[in-house]
Amino acid sequence: MKIKYIGILITLNLFISFNAQAQVYPVQVNTQLIPPYSLRLSDYVSPGTNHVGVNMLLTDLNKPEYYIRLELLIEGAGITIRTSPAFNPGPIILQGGVPEFLTSSDLYEWF
């Protein structure tokens with residue numbers, strides 16, 4: 001009987017002492033795609049339109065600035081469009097706690 005209780009206590013102790021940790025990324029990125037939707041990529045970044053937007057936020061306030069590189073990835077039924085690995089427009093610099101919003105015209109190079 002004592003062995004059964006010791007086994008239960010050890011099992012409970014293992015569950016209680018186990019701490020789950022999730023990955024925490026320092027940058028939050030939200031993409032906006034505003035209708036009407038088109039099948040042509042050029043329609044999303046044509047001058048005077050704001051069909052695509054990217055909102056970025058550096059959530060780690062211990063970092064005064066953070067350099068990031070965006071990559072475009074569009075996947076659909078049997079198709080994948082991705083930014084070329086050779087494409088290097090330079091980093092985007094985020095300030096801690098300050099949201100940065102890129103519009104369609106800002107994202108033109110990626111398309």
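Does Trp110 count as buried or exposed, and at what relative accessibility? Here are some notes on this predicted model, with that residue taken up in point 6.

1. **Confidence.** Before looking at details, a word on how far to trust them. The protein has a mean pLDDT of 78, and 78% of its residues reach 70 or more. Residues 2-18 are the stretch to treat with care: their pLDDT is below 50, and apart from near neighbours in sequence the stretch makes zero contacts in the model. Where pLDDT is low, the predicted coordinates should not be read in detail.

2. **Overall layout.** You will find two helices and seven strands here. Going along the sequence, they come in the pattern α-β-α-β-β-β-β-β-β. The protein has 111 residues, of which 18% count as buried. Its accessible surface is about 8,800 Å², and carbon and sulfur atoms account for 60% of that. As for contacts, if you take those between residues at least 6 apart in sequence, 66% join residues at least 24 apart.

3. **The three-stranded sheet.** Strands E1, E2 and E7 make an open sheet, in the order E1-E2-E7, with antiparallel pairing. E1 (27-33) and E7 are the edge strands, each pairing on one side only. From one strand to the next, the twist averages 15°. Between E2 and E7, the antiparallel pairing runs over three bridges.

4. **Val54, a good residue to click on.** Val54 sits in strand E2, which covers residues 52-58. Across in E7, its bridge partner is Leu102. Beyond neighbours within four places in sequence, Val54 is in contact with Val29, Asn30, Glu100, Phe101, Leu102 and Leu107. Is Val54 buried or exposed? Val54 has a relative accessible area of 8%, so it is classed as buried, because the cut-off for that class is under 20%. You can also check a distance here: the C-alpha atoms of Val54 and Ser104 are 8.6 Å apart, although their positions lie 50 residues apart along the chain.

5. **Thr103, just past the sheet.** Thr103 belongs to the segment after strand E7 (100-102). Which residues does Thr103 touch once its neighbours within four places in sequence are left aside? They are Asn50 and Val52. With a relative accessible area of 18%, Thr103 is buried too, because that value falls under 20%.

6. **The aromatic pair, and the opening question.** The structure holds one aromatic pair. Its members are Phe87 and Trp110, arranged edge-to-face, with 5.8 Å centre to centre and 80° between the planes. The pair links distant parts of the chain, 23 residues apart: Phe87 lies in the loop between strand E5 (79-82) and strand E6 (92-95), while Trp110 lies in the segment after E7. Now for the answer: Trp110 has a relative accessibility of 12%, so it counts as buried. Its partner Phe87, at 22%, counts as partly exposed. The two ring residues fall into separate classes because the buried class stops at 20%, with Trp110 at 12% and Phe87 at 22%.

7. **Where to look when you open the model.** A friendly suggestion for a viewing order: begin with the E1-E2-E7 sheet, go on to the Val54 and Leu102 bridge partners, and finish at the edge-to-face pair of Phe87 and Trp110. Please keep the low pLDDT of residues 2-18 in mind as you go.

How values were computed: Residues numbered from 1 in each chain as written. Predicted model: local features only at pLDDT ≥ 70, side-chain atom pairs only at ≥ 80, totals over all residues. Heavy atoms only, no water. Helix = DSSP H or I, 4+ residues; strand = E, 2+ residues; numbered from the N terminus. Buried < 20%, exposed > 50% of the residue type's maximum accessible area, 1.4 Å probe, protein only. Contact = heavy atoms within 4.5 Å. Areas by Shrake-Rupley, 256 points an atom, 1.4 Å probe, with all protein chains shown as cover. Pairing = 2+ DSSP bridges. Axes fitted to C-alpha atoms, helices over the stretch in contact; angles between N-to-C directions. pLDDT = per-residue confidence, 0-100. Phe/Tyr/Trp six-rings, centres within 6.5 Å; stacked < 30°, edge-to-face > 60°.
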